[in-house]
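Me: I would like to learn how to read a model like this one, feature by feature. Could we start with strand pairing?

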Amino acid sequence: MSRRFGTLCVRGSLALVALLLAPMAPAATTNLEKSAAAYRPDVSYTFKTRIGREGMVFVGAGGDIDGVVNPTLKVPLNAIVQITLVNDDGAEHDIAVPEFKASSDHVTAKGASSAIVFRAGKGGTFDYYCTLPGHRQAGMQGKLEVGGIAAAKAPEAADVSRDPADLPGPIGKRGPQRHRFDLTTEEVKGRLADGTTFNYWTFGGRVPGPFLRVRVGDTVELRLKNAGNSRMIHSIDLHAVTGPGGGAAVTQAPPGDEKIVTFKALKTGLYVYHCATPMVAHHIANGMYGLILVEPEAGLPKVDKEFYVMQGELYTTGEFGRHGEQEFNVQKLLDERPEYFVFNGAVGALTQLHPMQAKVGETVRIFFGVGGPNFTSSFHVIGEIFDRVYTWASLDSAPLEAVQTVSVPAGGAVIVDFKLEVPGRYILVDHALSRLERGLAGFINVTGKGDASIYSPLPELGAGGH
Ligand SMILES: [Cu+2]
């Protein structure tokens, strides 16, 4: 075991524990594996306590261990493991894995929760149990098996998340033109998280929909076709459109039909588009949103890389982390209680499946929008400062400079530019960080030479060059 991690406990709020673990990489290393900041545990489990016929036990909640009494946990060697304990019987309990010096706060009231986080730094089989007198003997114990399994499970369903590098390049300087875009609305079952699927509604089979790019003054003919095997009517409302419903008034397309809206792009900016068929919030939550960029006459300042990221929420009947096919839950939507928060449609879309890649010295731009339907994002990149922020994605106004976090409303967008000076892994988040624990995270992996005059693991800047 390379280093020992302290055991951390929280009461009530479960999740921020993992934030405190694992320091960011020293500037000197370009090894991304070493530099991966563990803002999320590699594996996490939830246990509920129960007192019943079988005595006192832990019962798994969610995922592979759902409903299993004192489940055997199998984790990869060196994984950061989080176990959240939820009191479901009203008696006093805790949980401990003494081998890894992990022990939780006590939970005394029904509904109270606590957690342990530790690195499983040694292979073998170890005990977990409740340390209250007599509880282990009464049945509150199980096994933790470390090692012997692969770290990541392969997705079992189609990936519907859009690669953030999937967007057309800059338009450059030219006069106004006429464009035709063909969009198809498709209802597709896709991977929501490892082991979890959801019936998405999409523009073009991915979330978000395709990035549309035009110039101010262009005339756009948009043909919206609703796939023949759809169950729902779909439509499109583009915030870049001046006219009733942003196009939704004339594009309500039953399954198998095609509708057309033609519009002139009057104003520059980055605009959200979304389905606007009742119940609109339902269509958006299920994945029907995207961005359209209306470039100014002279284009945008040149950057080295552009990325396309959107934030959304999903409302499922099963709680976060539950495996199998998940059903949409209208009551949770109306109550604004999502189970999932995601970038580009799925948990892990921008971490496991399509992390962003860049090099030291490059300036990157993120076109960031919030599909929602309901939650404002406190958009932030951990370890970076935005050099330029086009607030509310206004391109007729001068950008703000040197901004840490930017508020992006539901149905709104922002454009941020920043130069990368130090290699390592940077993490896109909504700084309402509870949402990190419900799936919301993205990586920018930056390779290249460090700059010890900016960032160093040593007491002096510029010391110990590399
Ligand atoms: Cu729709």
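Me: Which residue of β19 is the bridge partner of Thr-197?

Reply: This is a predicted model, and in it Thr-197 has Glu-325 of β19 as its bridge partner. Thr-197 lies in strand β11, which spans residues 196–203 and runs parallel to β19, with 3 bridges joining the two.

Me: What order do the strands take in the open sheet that holds β11 and β19?

Reply: Read across the sheet, the order of its 5 strands is β15-β13-β10-β11-β19, and the pairing is mixed. β15 (258–264) and β19 (324–326) each have a single partner strand, so they stand at the edges and one side of each has no neighbour in the sheet. From one strand to the next the twist averages 30 degrees.

Me: Where should I look for an antiparallel pair, and how many bridges does β18 make with β20?

Reply: β18 (residues 305–314) pairs with β20 in the antiparallel sense, over 4 bridges. One position to inspect is Gln-311, whose bridge partner in β20 is Phe-343.

Me: Are the faces of β20 covered or open?

Reply: Both are covered. In this strand, residues 340–343, Tyr-340 and Val-342 are buried on one side, and Phe-341 and Phe-343 are buried on the other.

Me: How does one read the nonpolar cores?

Reply: The general idea is that in soluble globular proteins nonpolar side chains tend to be buried together. Here the largest nonpolar core has 85 residues, and Tyr-271, Leu-291, Ile-292 and Val-414 have the most contacts inside it. Beyond its neighbours within four places in sequence, Tyr-271 is in contact with Leu-238, His-239, Ala-240, Leu-291, Ile-292, Val-294 and Ala-413. A second core, separate and of 30 residues, includes Ile-95, Phe-100, Ala-102 and Met-140.

Me: What does the chain look like as a whole, in helices and strands?

Reply: It has 3 helices and 29 strands. Of its 466 residues, 46% count as buried. Taking contacts between residues at least 6 apart in sequence, 70% join residues at least 24 apart.

Me: Which residues have a pLDDT under 50?

Reply: As a general rule, predicted coordinates should not be read in detail where pLDDT is low. Here pLDDT stays under 50 over residues 1–36. The model has 76 contacts beyond four places in sequence for that stretch. Across the chain the average pLDDT is 89, and 89% of the residues score at least 70.

Key: Residues are numbered from 1 along each chain as its sequence is written. This is a predicted model: local features need pLDDT of at least 70, side-chain atom pairs count only at pLDDT 80 or more; totals for chains, interfaces and linings use all residues. pLDDT is the predictor's confidence in each residue, from 0 to 100. Two residues are in contact if their C-beta atoms, placed from the backbone, lie within 7 Å. Two strands pair if DSSP finds at least two bridges between them. Axes are lines fitted to C-alpha atoms, for helices over the stretch in contact, and angles run from 0 to 180 degrees between N-to-C directions. A residue is buried if 20 or more other C-beta atoms lie within 10 Å of its own, exposed if 12 or fewer, and partly exposed in between; C-beta atoms are placed from the backbone. A nonpolar core is a set of buried Ala, Val, Leu, Ile, Met, Phe, Trp, Tyr and Cys residues joined through C-beta atoms within 7 Å.
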